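The exercises below concern ring contacts between aromatic side chains. Try each task before reading its solution.

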Amino acid sequence: MLVVDDEDDIRELLEMTLSRMGLDADCAENVTQARRLLEENAYQLCLTDMRLPDGDGLELVRFIGERFRDIPVAVITAHGSMENAVSALKAGAFDYVPKPVSLEQLRALVKSVLNLPSKDSARGEPAGRALLGESQAIRQARDMIEKVARSQAPVYISGESGSGKELAARLIHDQGARRGQSFIAVNCGAIPENLMESEFFGYKKGAFTGADADRDGFFQAAQGGTLFLDEVADLPLPMQVKLLRAIQEKRVRKVGASSEDPVDVRIISATHQNLKELVAAGRFRQDLFYRLDVIELKMPSLRECREDIPVLAESILTRLAQESGMPRPRLAPGALKALGDYPFPGNVRELENILERALALIGGSDIGAGDLHLAPSIGPDGMMPALSGGEASLQDHLDRVEKQAILEALQKTRFNRTAAARLLGVTFRSLRYRMERLGLND
Ligand SMILES: Nc1ncnc2c1ncn2[C@@H]1O[C@H](COP(=O)(O)OP(=O)(O)OP(=O)(O)O)[C@@H](O)[C@H]1O
Ligand SMILES: [Mg+2]
């Protein structure tokens with residue numbers, strides 16, 4: 001371990017604490033000394049103060065990021081200085097510890113550093129969970145995932161519907177120090193507003209009618225692990241305030257409880273909406289956005305990774321055939337060509353759905369272009385191209401029926417999508433996908 005601080009007392013205290021944990025520490029008083037020690041020795045962790053006589057902690061974070069990428073750096077920040085903490089995380093710090101450094105926090109930090117998977121083992125992801133593709137855009141996303149997995153910073157994942165945001169969140173969890181702990185995914189748009197607080201923070205027995213025992217919420221369930229806030233833009237404003245508080249204080253209060261309990265969760269959030277625009281429109285709190293969007297990971301749309309379509313299609317087909325115990329069909333060249341030209345508004349999830357449908361409908365062993373039933377795309381003149389074959393008009397008819405049914409369900413439920421999905425007997429996710437495909441989102 002390398003400890004960098006200009007105050008003798010603090011250096012001694014940190015060194016002693018680490019040594020009680022059975023860890024050896026070297027100490028440096030300033031940036032210059034720290035650099036020299038880093039050149040000469042191999043360290044497992046660097047713990048640095050923010051303000052140093054000849055520079056600052058951020059400089060060290062950047063230096064280590066360039067020269068010694070494998071060494072995690074944690075920054076000690078002044079109490080209440082959130083700006084410093086956020087800029088350190090953005091610069092690539094593993095985590096931050098607020099002053100005065102509590103021994104409990106220091107121990108937790110060191111423990112998670114020692115828990116980091118070695119670089120090579122992180123690559124051996126469990127099969128079926130990998131982000132496939134070799135396009136520039138997917139490679140960049142994969143590199144970014146690998147990098148942020150080795151930190152505790154909050155990550156905000158943006159990207160169109162079906163582009164792999166949840167998959168990315170799981171990979172960040174699986175490749176980081178919290179793997180082995182729980183990964184809790186919460187669809188913020190699917191929880192009724194009046195239940196939100198108790199779903200997130202839990203409740204005490206007797207807090208309200210029907211609360212006949214204490215119950216944990218998502219935060220407690222994710223303790224030590226990762227809390228994935230999916231569709232975070234759907235959180236109502238009052239809940240945004242409570243969430244911000246929980247993240248800031250790293251403490252939560254159960255509904256009906258008189259005191260708060262500490263929680264240690266890593267927050268990953270995602271939405272297919274444009275969060276920055278929502279902030280500008282006053283529909284999402286700026287301060288919460290600032291806390292969630294410390295590091296942004298952009299998942300590319302499938303249109304940006306066209307060259308990956310064949311690889312993705314083949315791997316999805318293999319999985320689907322296996323799951324349904326069918327022989328693996330071949331994709332005819334015409335089908336591949338049609339997929340390559342299709343715009344995929346629903347991205348990889350839409351590709352999965354198209355192939356699943358084709359697999360259910362084909363008679364032979366090949367999937368031809370016609371088996372894909374790709375929705376006709378809008379022409380440059382904004383008009384639907386003329387429908388020719390019987391197949392295309394069948395699809396058109398089915399789309400109209402589906403659209404009608406969805407609109408009716410939405411009207412009956414006063415546009416509550418969760419309730420509409422229930423009425424239609426489909427999942428919330430499936431309803432959202434269908435609405436998107438049919439252009440019903442506006
Ligand atoms: N690059 C990829 N390689 C392999 N599978 C992928 C890839 N991208 C997405 N998928 C798969 O596509 C499906 C959709 O991905 P996911 O649920 O992560 O998308 P999402 O962005 O969260 O979508 P939504 O906005 O609708 O919630 C999943 O089954 C996922 O495993
Ligand atoms: Mg998702």
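Is Phe-289 buried or exposed?

Solution. The model is predicted. The relative accessibility of Phe-289 is 9%. Buried means under 20% relative accessible area, so Phe-289 counts as buried.

**Exercise 2.** Classify the contact between the rings of Tyr-156 and Phe-289, and locate both residues in the chain.

Solution. The structure holds eight aromatic pairs. In the pair formed by Tyr-156 and Phe-289, the centres are 6.2 Å apart and the planes make an angle of 75 degrees. Planes over 60 degrees apart count as edge-to-face, and the pair of Tyr-156 and Phe-289 is edge-to-face. Tyr-156 belongs to strand E8 (residues 155–158) and Phe-289 to helix H13 (residues 286–292). The two residues are 133 residues apart, and their pair links distant parts of the chain. Tyr-156 has 3% relative accessibility and therefore counts as buried.

**Exercise 3.** Describe the pair of Tyr-203 and Phe-208, then give the burial class of each residue.

Solution. The ring centres of Tyr-203 and Phe-208 lie 4.8 Å apart, with 65 degrees between the planes. This pair is edge-to-face. Tyr-203 has a relative accessible area of 12% and is buried. Phe-208, with a relative accessible area of 34%, is partly exposed.

**Exercise 4.** Which residues do ring pairs link into a cluster, and over which ring does the charged end of Arg-35 sit?

Solution. The cluster consists of Phe-200, Phe-201, Phe-218 and Phe-219, linked by ring pairs. The charged end of Arg-35 sits over the ring of Phe-63, at 4.4 Å from the ring centre.

Notes: Residues are numbered from 1 along each chain as its sequence is written. Chains are lettered from A and ligands numbered from 1 in the order in which they are written. This is a predicted model: local features need pLDDT of at least 70, side-chain atom pairs count only at pLDDT 80 or more; totals for chains, interfaces and linings use all residues. Side-chain values use heavy atoms; hydrogens and water are left out. Rings of Phe, Tyr and Trp (its six-membered ring) pair if their centres lie within 6.5 Å; planes under 30 degrees apart count as stacked, over 60 as edge-to-face and the rest as tilted. Helices (H or I, at least four residues) and strands (E, at least two) are DSSP runs, numbered from the N terminus. Buried means under 20% relative accessible area, exposed over 50%, partly exposed in between (1.4 Å probe, protein chains only). A charge sits over a ring if NZ of Lys or CZ of Arg is within 6 Å of the ring centre and within 35 degrees of the ring normal.
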